[in-house]
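Me: I'd love to walk through this model with you, starting with the ligand and then moving on to the fold. Could you show it first?

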Amino acid sequence: MSTEKIPYKIYLDESEMPKSWYNLRADMKNKPAPLLNPQTLKPMTAAELSGVFCEDLVKQELDNDTAYFEIPEEIRDFYKMFRPSPLMRAYRLEKKLGTPAKIYYKFEGNNTSGSHKLNSAIAQAYYAKKQGLKGVTTETGAGQWGTALAMACSYFDLDCKVYMVKVSYEQKPFRREVMRTYGASVTPSPSMETEVGKKILAAHPGTTGSLGCAISEAVEKAVTSDGYRYVLGSVLNQVLLHQSIIGLETKTALDKYGVKPDIIIGCAGGGSNLGGLIAPFMGEKLRGEADYRIIAVEPASCPSLTRGVYAYDFCDTGMVCPLAKMYTLGSSFIPAPNHAGGLRYHGMSSVLSQLYDDGLMEAVSVPQTAVFEAAEEFARTEGILPAPESSHAIKAAIDEAILCRENNEEKTIVFGLTGTGYFDMTAYEKFHDGKMSDYVPTDEEIAENISKLPKVN
Ligand SMILES: *Cc1c(COP(=O)(O)O)cnc(C)c1O
């Protein structure tokens, strides 16, 4: 171990930025279950998927064997606007907590879209452009993915249609305007623009929407418009692949100083930032080269890993997408509207679901007021105003650091700080005014949605 004091920010050189993404699936003994065609219940073929997704992305989606995918030069050039991202040592937070633990966080909020989502948005826009498409459609929940995709599409001069979960559309007008600034069109979902949107509105008048429902609309729009494909900001294998750049950079930075983490923590919505952050570390664990505790942190209001079941389910509320085997609360599950912003998806990435089922990682769920308390403590010590999603990881990291204090253990904790919270001030306002509540779904509510899972095998 180097005796040099570890700097507050470990910056890598541009030349140290990874040149390939790492595909964790290549090292998994139990591969994630394949997507199934909802009609035939047979694995989706490349030809079937190509109607919805770009060709190169379909190849990445289905490839469980190739360990490294070279990052095309145009994507690397774009990455250089905001990457390598810094790995920070939370000296001030450690001091405030009085913990012997060493806390590091990988900060992905250093770009205008404000989150890690740009890592995959630029890759997906690149492959769409390469295929000669006119544009892409997508959904966005809290708005970070839509913002990132709008930026990426404007860079490659692609049209970008975003279906935004209605509650966010109303609560986050500024995100919507950032998207429009980058040239995207934004529609609140559910909308009357699509057949599936009309159906959902008829069945649930006044619904505040959900990611699953916005996905159905975006997919329908893509498959019914010439020269368009659908893109997704999380959950899919390809997105985890692109996000592996987070973990690869983290590992390079830690290796430079001879630091080996004991615990790696990330918030988990659809699982992409966590899947990306842990990729090279989990790879070592799978190959028996090292061991790490890996913790997924989810909101108590949308607890897919901790309270869901591992089963085939629809990826969307409208049941137009393929079936994915994942930890799920049921595609009909819609988180309570008082739940602030992101991490609202009913299921979890198939890769992470399989790893969790194999006992290779842990999961915890945390209530939202505790998350905002952690966010505020972090802002006041480290200076960065964190996104509510990221603050789930902060909360778990603080809890682990306090345990280290109680047990007098000098563990090294690394967590993913996925983004900034400047567009989430309505949620912060509720928290400050004491108007934030901790809705946790009842067992009956969860069981009811789970009972509607599609019957597979
Ligand atoms: C979208 C988002 C998340 C959650 O998505 P994952 O796919 O689970 O990573 C977390 N943090 C921020 C800031 C986000 O924008």
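Reply: Happily! One definition to start: Ala, Val, Leu, Ile, Met, Phe, Trp, Tyr, Cys and Pro count as nonpolar, Asp, Glu, Lys and Arg as charged, and the others, Gly among them, as polar. The model is predicted, so local features need pLDDT of at least 70 and side-chain atom pairs pLDDT 80 or more, while totals for chains, interfaces and linings use all residues. Residues are numbered from 1 along each chain as its sequence is written, and side-chain values use heavy atoms, with hydrogens and water left out.

Me: By class, how many residues of the shell around the ligand are polar?
Reply: The shell holds 18 residues, counting a residue if one of its heavy atoms lies within 4 Å of the ligand. Lys117, Ser234, Ser272, Asn273 and Thr418 are the closest. Four of the shell residues are nonpolar and two are charged, and the polar ones number twelve.

Me: Which helices each supply at least two residues of that shell?
Reply: Helices here are DSSP runs (H or I, at least four residues), as strands are (E, at least two), numbered from the N terminus. The two that qualify are α12 (272-286) and α16 (388-407).

Me: Which side chain has an N or O atom 2.7 Å from a nitrogen atom of the ligand?
Reply: A polar contact is a pair of N or O atoms within 3.5 Å. Histidine 116 has a side-chain N or O atom 3.2 Å from a ligand oxygen, and for glutamine 144 a polar side-chain atom lies 3.4 Å from an oxygen of the ligand. The 2.7 Å pair, with a ligand nitrogen, belongs to threonine 418.

Me: How much of the ligand does the protein bury?
Reply: Accessible areas come from the Shrake-Rupley method with a 1.4 Å probe. Taken alone, the ligand exposes 380 Å², and the buried share of that is 95%.

Me: Which residue in β15 is the bridge partner of lysine 106?
Reply: Strands pair if DSSP finds at least two bridges between them. The open sheet of seven strands runs β1-β4-β5-β15-β10-β11-β14 with mixed pairing, and its edge strands are β1 (9-10) and β14 (362-366). Within it, β5 (102-107) and β15 (412-417) pair in the parallel sense over six bridges. The partner of lysine 106 is glycine 416.

Me: Which proline follows serine 189 through a cis peptide bond?
Reply: Another cis bond runs from arginine 83 to proline 84, with omega near -10 degrees, in the loop between α3 (73-79) and β4 (87-89). The bond after serine 189 has omega near 5 degrees. It leads, in the loop between β8 (185-189) and α9 (195-203), to proline 190.

Definitions and conventions: Polar contact = N/O pair within 3.5 Å; in protein donor to acceptor, adjacent residues only side chain to side chain.
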